[in-house]
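Student: I should like to take a close look at a single part of this structure, namely the place where two of its chains meet. Could you describe that part for me, and then turn to the residues that deserve attention around it?

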Amino acid sequence: MSRVTALTQLENESIRIIREAVAEAERPVMLYSIGKDSSVMLHLALKAFYPLKPPFPLLHVDTTWKFKEMIHFRNETVRRLGLELITHTNPDGLRDGISPLIHGSRLYTDIMKTDALKQALNEHRFDMVFGGARRDEEKSRAKERVFSFRDAGHRWEPRGQRPELWDIPNLRRNRGESFRVFPLSNWTELDVWRYIDQESIPVVPLYFSAERPIVERGGQLIMLDDERLELEPGEQPQLRRIRFRTLGCYPLTAGVESAASSVAEIIAELETVCTSERCGRLIDFDQAGSMEKKKQEGYF
Amino acid sequence: MPVCSDMLRFLACGSVDDGKSTLIGHLIHLTGNLPDDQLHVLEAESSRIGTTGGALDYSLLLDGLMAEREQGITIDVAYRYFETPRRKFIVADTPGHESYTRNMATGASHCTAALILVDACQGVLPQTRRHVLICALMGIRNLLFAVNKMDQADWDEARFRRIEQECHRMAGAAGLLANSRCDLLAVPVSALQGDNLTALSDRMPWYGGATVLEWLESCTAEEAAADAPFRLPVQYVLKGSNDGRGCQHDGERWPAGCDGRATWRSYAGSVVSGRVRVGDRIVILPSGVETTVERLLIGDRDADSAETGMAVSLVLGGEHDIVRGDCLAHPADRPEQAGLFKVRLVWMDQQPLYAGRRYLFRSVFGTIEARISRIRDRVGLDAYQLLAADRLAQNDIGEVELSLARLFPFDPYSENRETGAFILLDRVSNATVACGMIQHPLRRGSNIHWQREDLTRELRAGLNGQKPCVIWLTGLSGSGKSTLANCLERMLHDMGHHTMLLDGDNVRHGLNRDLGFTEADRIENIRRIGEVAKLMTDAGLIVITAFISPFRADRDMVRALLTDGEFIEVHIATSLEACEARDPKGLYRKARKGEIPNFTGVNAPYEEPLTPELRLDTASRSVRDCAEDIMSLLRQDGFV
């Protein structure tokens with residue numbers, strides 16, 4: 001009796017999804033957010049089209065508020081693999097100086113992430129857009145299809161999703177309509193780390209524990225990544241051994257205290273941990289049904 | 001070789017309010033898969049919006065859409081992931097409500113086991129039967145019936161045994177229809193209080209079988225596909241060429257993995273059944289060309305063989321024209337190819353299915369035009385008996401005959417879940433209107449050959465000095481179709497052309513006098529007119545028709561019957577107000593008084609042509625001018 005591991009099954013299914021989407025696409029693109037899920041998705045894409053390179057560019061929506069180490073890692077990855085990278089920042093937001101610290105996470109996310117993404121997709125007329133989102137991250141994501149239809153305004157209609165039967169996706173669309181494709185839909189956080197371990201996939205060092213300068217704000221550990229984060233009265237910067245479970249924009253992504261400084265240690269930590277992954281993502285909690293609303297408006 | 005997986009995909013299904021989400025949520029908690037922060041949120045939400053009177057309302061863990069939480073029902077599938085030391089689980093929590101059957105089918109199509117909830121107080125409901133049928137037809141052989149809410153049924157054994165018996169009868173009948181045997185177990189549970197979920201309950205000492213978790217951990221996720229013959233639908237052709245200096249055409253470095261070859265060509269796809277080895281002889285369908293597997297890549301590594309489920313790419317011997325959708329198989333064990341099938345459908349569209357309509361058929365082997373040539377029967381939910389039917393309504397399950405535009409490779413669904421499955425798409429809206437399972441091919445298609453006629457339609461038309469066509473006038477009642485048709489025919493006749501006019505008077509009273517005005521009859525009416533018009537074009541005639549023909553799909557059906565370019569759709573776009581003001585037969589007046597049901601424009605829709613060959617408004621112009629417009633179109637396109 002042969003035994004197929006869950007990880008092998010997930011890997012093969014994801015490659016099948018990536019190939020299917022590209023085969024049906026006119027202009028495919030991969031949203032590359034630099035995090036661990038993007039790293040795994042990119043690794044799968046490299047396998048899917050080996051020995052040739054994936055026939056699509058990477059797109060990074062740069063809010064200008066990413067951790068410095070992330071941008072460094074992004075540039076290094078693109079150079080090492082010889083891939084095409086498109087970066088886009090919302091010029092209106094840049095002009096108006098939209099900041100998560102001044103304008104709040106909700107407006108900031110709308111303008112610098114959702115609007116920026118839509119601008120980039122419209123400009124390049126991408127019709128099949130890969131994203132690294134997983135269903136176990138959040139309740140409304142748990143409801144989304146692998147091949148998720150978007151109307152010409154990039155909106156998601158959660159109550160009227162197309163049925164998705166077997167591995168026969170219906171990818172027919174009219175001009176302007178598009179699909180968001182999530183090859184990692186069925187992966188869990190642990191699967192992602194176990195696969196990173198198995199395949200020795202490089203990830204941003206921020207995932208590993210190290211002494212980093214932080215302040216405690218609203219019960220969360222916020223890292224001081226550059227001088228834009230101004231200290232509030234009474235706040236004392238301190239060095240703590242922290243790591244990040246997810247990586248977003250730095251003032252909106254909190255670290256967790258941890259001693260896990262290798263992939264193996266992270267896996268061991270996750271196997272016993274009692275909190276969920278996105279509890280450090282402040283934007284998930286800024287309104288009721290937060291993620292679903294953002295997604296309906298075109299957020300990933 | 002059975003493939004035992006350490007991952008099980010199962011769905012939770014059953015009628016609305018039977019407690020699916022509650023059971024799954026509770027199971028996730030009891031197996032230690034609920035993080036503390038989610039538990040805290042759940043505690044807060046349960047007391048605020050829960051429906052369990054302060055106790056944890058586990059359904060809130062899964063009903064993640066705002067509308068679901070507001071209405072307290074599940075609308076779409078939620079996927080949850082949990083693991084125990086024995087296994088990983090992917091669970092699809094599916095909606096019980098009949099309106100969302102398509103979402104339940106979505107969940108079921110990916111699963112190998114089903115957990116079916118039955119409310120102990122209500123017993124088996126019609127929607128339970130529908131779900132069991134869909135599970136069985138989709139090939140799910142592991143069925144667990146969780147007889148829920150035993151806490152509200154006094155933990156009564158007799159009640160449980162009655163339901164258990166009914167479950168056995170139901171699964172037996174469904175299995176018979178699906179031609180497969182189901183392994184099933186019924187467990188009495190309380191999803192809310194956790195009895196018999198992960199530990200045997202001391203409140204039901206009379207039950208000594210497996211708990212829900214034990215069953216899930218032990219049921220065989222055995223996939224028949226591994227034993228089936230090798231099939232690989234080509235998903236993507238990987239090709240590139242080296243310019244000789246180690247560079248690809250776009251200036252990139254030629255990848256090292258290409259071994260310095262001048263060109264690279266391999267065929268990427270997933271082994272959907274069986275296994276393939278390097279050196280195997282394989283056949284490419286539909287072309288039938290045979291070749292050999294020279295190299296096999298799994299990801300970025302060379303391999304000697306690949307099993308079911310592996311995403312591979314193959315380098316084949318020789319140069320062949322192989323495209324996406326082609327099927328690779330072993331020559332001695334190749335799939336059949338056919339163009340006419342008996343299939344089972346789960347109909348998902350709000351518009352019912354009628355025979356004669358055209359759709360796009362999509363399977364792992366690609367997309368092709370298809371037509372439902374006949375509806376054979378509908379499956380009744382009481383005993384899964386076959387009932388005569390001339391249509392399938394939304395959520396009906398039935399058996400139909402389906403014909404494809406050309407021969408297509410397939411396996412019966414009972415032998416192969418991947419190559420025997422398909423979906424049907426609406427050609428205009430792009431919606432998925434049905435999912436289907438191929439039962440077997442029908443031979444009739446290949447046995448009836450068209451009568452060879454020595455005299456061709458071109459010869460007949462030539463004798464008349466004209467090119468045959470159908471001028472299809474469509475528009476509201478009173479729009480002026482018949483008047484215009486008469487005027488046009490007169491003009492053509494005067495010019496010496498051979499014509500025929502079909503309208504309500506000469507069709508409804510003769511050929512179609514057995515048809516009424518139900519939707520099915522209206523479609524059949526148009527279909528017959530289309531067939532008659534086609535025969536007349538074969539005879540070389542210019543045919544003019546004047547029917548309201550309100551539905552786009554029906555007009556498109558006629559267009560598809562005819563040779564390309566011979567269908568000239570003319571929309572008489574007289575406004576409803578103008579038609580109603582004319583009201584030559586007093587029909588609008590009657591319809592407004594409610595004396596005529598389904599009167600187009602008043603209480604039935606008219607779907608305007610989106611791209612007619614010609615659009616005319618008779619309100620502002622004379623009949624003669626309108627007829628002239630049609631004449632100039634005919635001249636321009638060389639018909640006269």
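Tutor: The structure is a predicted model, and the interface of chain B and chain A is a suitable place to begin. On one side, 87 residues of chain B take part, and they are in contact with 65 residues of chain A. The size of an interface is often given as the accessible area lost when the parts come together. Here the area buried between chain B and chain A is about 6,400 Å², and carbon and sulfur atoms give 53% of that area. Three residues, Met66(B), Tyr81(B) and Asn430(B), supply 10% of the area that chain B buries against chain A, more than any other three residues.

Charged and polar groups also meet across this interface. Between chain B and chain A there are nine salt bridges. In a salt bridge between Glu83(B) and Arg194(A), the side chains meet at 3.3 Å, N to O. The number of residue pairs in polar contact across the interface is 30, both residues being at pLDDT 80 or more. Helix H4 of chain B, residues 66–71, gives the largest share of the side of chain B that touches chain A, namely five residues. By class, that side of chain B has 44 nonpolar, 21 polar and 22 charged residues.

From the side of chain A, helix H6 (residues 189–199) merits a closer look. Helix H6 of chain A is mostly covered, with eight of its eleven residues buried. The buried residues of H6(A) are Glu189(A), Leu190(A), Asp191(A), Val192(A), Trp193(A), Tyr195(A), Ile196(A) and Glu199(A). Within chain A, these buried residues pack against helices H1 (6–24), H2 (36–48) and H7 (263–272), and in chain B they pack against strands E3 (78–83) and E4 (88–93). Just after H6(A) comes Ser200(A), with a positive phi of about 50 degrees.

One of the three residues named for chain B also has a notable backbone. Asn430(B) has a phi near 70 degrees, a positive value in a residue other than glycine. This residue lies in the loop between strand E25 (421–425) and strand E26 (432–441) of chain B. Asn430(B) is buried, because its relative accessible area of 2% falls under 20%. Another positive phi in a residue other than glycine, near 35 degrees, belongs to Ser549(B). Ser549(B) is in the loop between strand E29 (542–546) and helix H14 (552–561) of chain B, and its relative accessible area of 4% makes Ser549(B) buried as well.

Two cis peptide bonds may be added to this account. In chain A, Tyr50(A) and Pro51(A) are joined by a cis peptide bond with omega of about 5 degrees; Pro51(A) sits in the loop between H2 and strand E3 (58–61) of chain A. In chain B, the peptide bond from Leu285(B) to Pro286(B) is cis, and omega is near 10 degrees. Pro286(B) belongs to the loop between strand E12 (281–285) and strand E13 (289–298) of chain B.

Finally, there is a charged residue in helix H11 (residues 481–494) of chain B, Glu489(B). Glu489(B) is buried yet has no salt bridge, and Arg490(B), the nearest side chain of opposite charge, is 7.8 Å away. Leaving aside its neighbours within four places in sequence, Glu489(B) is in contact with Thr499(B), Met500(B), Leu501(B) and Ile544(B).

Notes:
Residues numbered from 1 in each chain as written. Chains lettered and ligands numbered in written order. Heavy atoms only, no water. Contact = heavy atoms within 4.5 Å. Buried area = accessible area lost by both parts, 1.4 Å probe. Salt bridge = Lys/Arg side-chain N within 4 Å of Asp/Glu carboxyl O. Polar contact = N/O pair within 3.5 Å; in protein donor to acceptor, adjacent residues only side chain to side chain. Helix = DSSP H or I, 4+ residues; strand = E, 2+ residues; numbered from the N terminus. Nonpolar A, V, L, I, M, F, W, Y, C, P; charged D, E, K, R; others polar. Buried < 20%, exposed > 50% of the residue type's maximum accessible area, 1.4 Å probe, protein only. Lys, Arg positive; Asp, Glu negative; His and termini not counted.
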